[in-house]
Amino acid sequence: MGDREEEEEGRRRVVFVTVGTTRFDALVSAVDSENVRKVLAAKGYTHLLIQLGRGSYLPTKSDGDDGSLAVDYFTFSSSIADYLRSASLVISHAGSGSIFETLRLCKPLVVVVNEDLMDNHQSELAEELAERKHLYYARPQNLYQTLADMDLNTLLPYSPGDATPVAKHINRFLGFPDD
Amino acid sequence: SAIISSVIFVITLILVRVLFVIYCSSRPMSRRAQKPVSTLIILGSGGHTAEMLDLLAVLQKDRFYPRFYIAAATDNMSLQKAELLENSLAAENGTPITNAGKFMKIYRSREVGQSYITSIWTTLVAMLHALWLMIKIRPEVILCNGPGTCIPICAIAFVFKVLGIRWSSIFYVESIARVRRLSLSGLLLYKLRIADQLFVQWPRLQQQYPRAIYVGRLM
């Protein structure tokens, strides 16, 4: 890799937006809005990459030549993990898969709750984890304010859970000896 | 009157049997397990599958064998992920990949966002499909964690227990996404006492549902 490319890589700070397998146009249009793009650029992010899922709202692409945020999008990818890894900030729907995948990678995370879902239990988890300071929690309509006010230094790292207690219970119940 | 009394007799018999099954289900197996148990794993979408695979990662593969995976017909990702896991297990043990888990699809009783009214019809179709799959699999252990797909399967498993067709131990792990209330699936399996053991990942849920078992966060 050449020096110029490395320098380019060093300045690259990607905001990755993911809706998983859902349709969440309210989130996509919120991140596509002028004020959200501006606040992200003001905070030093250079790229906005949006995973649209089943949504139909298409954001405006931009190559960011004029010093503004470069914006790109795609619908699905089998390598979401790679996008998460290369991101400096993740804005995600409230699906637990996306939430924990991001937290495990220790990436700063803003979770946006989809209020259009019939059974909106998802806010429970995001609220709980926001109370514990592992992420920021927003709704599409106050995403801008959340991004403007957020201070990533106040977030606490998340220590992953452990499935062995369940496995132990199941084994004992079935009469398997502890090992 | 002979007909009426025999009907009452049969109903009483069934009720006693149901109560007996519920009583036995709530207690650990009295015998020490000797052989591996055939295991049906019901996968959900996205987060549910991730949680289930985390659990499978720590379960002893030589005890929970053979493994059958069921996912919704509309969900391609979950079975793919399970297949990846099984293939990597097979590679580790040097067994041929064809011996790995078996994968099946099931019609879903309710899609995210579908109305409760149309859910009735789709649930019926899902029930028949589930019955067919359960007749084929007849698992000794059922592991599930939340998607609606598990309701018809577990209900049929319970009926099989009552009829003496097959005794399945049903384990339900409530999703980590449920902090304050059980999911509809969890609530049904808890209230109807279909789940032998119902695990929750947040202490608040255990306080609310005393028969649930708190196991801490899986993820």
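1. In this predicted model, chain B and chain A bury about 3700 Å² between them, and carbon and sulfur atoms give 62% of that area. On the chain B side, the residues that lose the most area to chain A are B:Arg63, B:Arg217 and B:Met219, which together make up 17% of what that side buries. The size of an interface is often given as the accessible area lost when the parts come together.

2. The contact between the two chains draws 45 residues from chain B and 34 residues from chain A. Four salt bridges are counted between chain B and chain A. The side chains of B:Arg180 and A:Glu127 also deserve attention, as they meet in a salt bridge with an N to O distance of 2.8 Å.

3. The largest nonpolar core comprises 57 residues, and those with the most contacts inside it are A:Leu129, A:Ile170, B:Leu55, B:Leu56 and B:Leu143. A second, separate core has 34 residues, among them B:Ala130, B:Ile153, B:Phe158 and B:Val200. In soluble globular proteins, nonpolar side chains tend to be buried together.

4. B:Leu55 merits a closer look. Leaving aside residues up to four places away in sequence, B:Leu55 touches A:Ala163, A:Val166, A:Ala167 and A:Ile170 in chain A, as well as B:Val173 and B:Leu218 in chain B.

5. The second largest pocket holds about 340 Å³ of space. Its lining consists of 14 residues, of which B:Met29, B:Arg31, B:Ala33, B:Val37 and B:Glu140 lie nearest the centre of the pocket. By type, the lining residues of this second largest pocket are seven nonpolar, two polar and five charged.

Key
Residues are numbered from 1 along each chain as its sequence is written. Chains are lettered from A and ligands numbered from 1 in the order in which they are written. This is a predicted model: local features need pLDDT of at least 70, side-chain atom pairs count only at pLDDT 80 or more; totals for chains, interfaces and linings use all residues. Side-chain values use heavy atoms; hydrogens and water are left out. On a 1 Å grid over the protein atoms alone, a cavity is a set of points where a 1.4 Å probe fits but cannot get out, and a pocket is an open set with protein on both sides within 12 Å along at least five of seven lines; lining residues have an atom within 4 Å of a point. Grid points are joined across faces, edges and corners, and a volume is the space filled by probe spheres set on the points. Ala, Val, Leu, Ile, Met, Phe, Trp, Tyr, Cys and Pro count as nonpolar, Asp, Glu, Lys and Arg as charged, and the others, Gly among them, as polar. A nonpolar core is a set of buried Ala, Val, Leu, Ile, Met, Phe, Trp, Tyr and Cys residues joined through side-chain atoms within 4.5 Å. Buried means under 20% relative accessible area, exposed over 50%, partly exposed in between (1.4 Å probe, protein chains only). Contact means heavy atoms within 4.5 Å. Buried area is the accessible area (1.4 Å probe) that two parts lose on being put together, summed over both.
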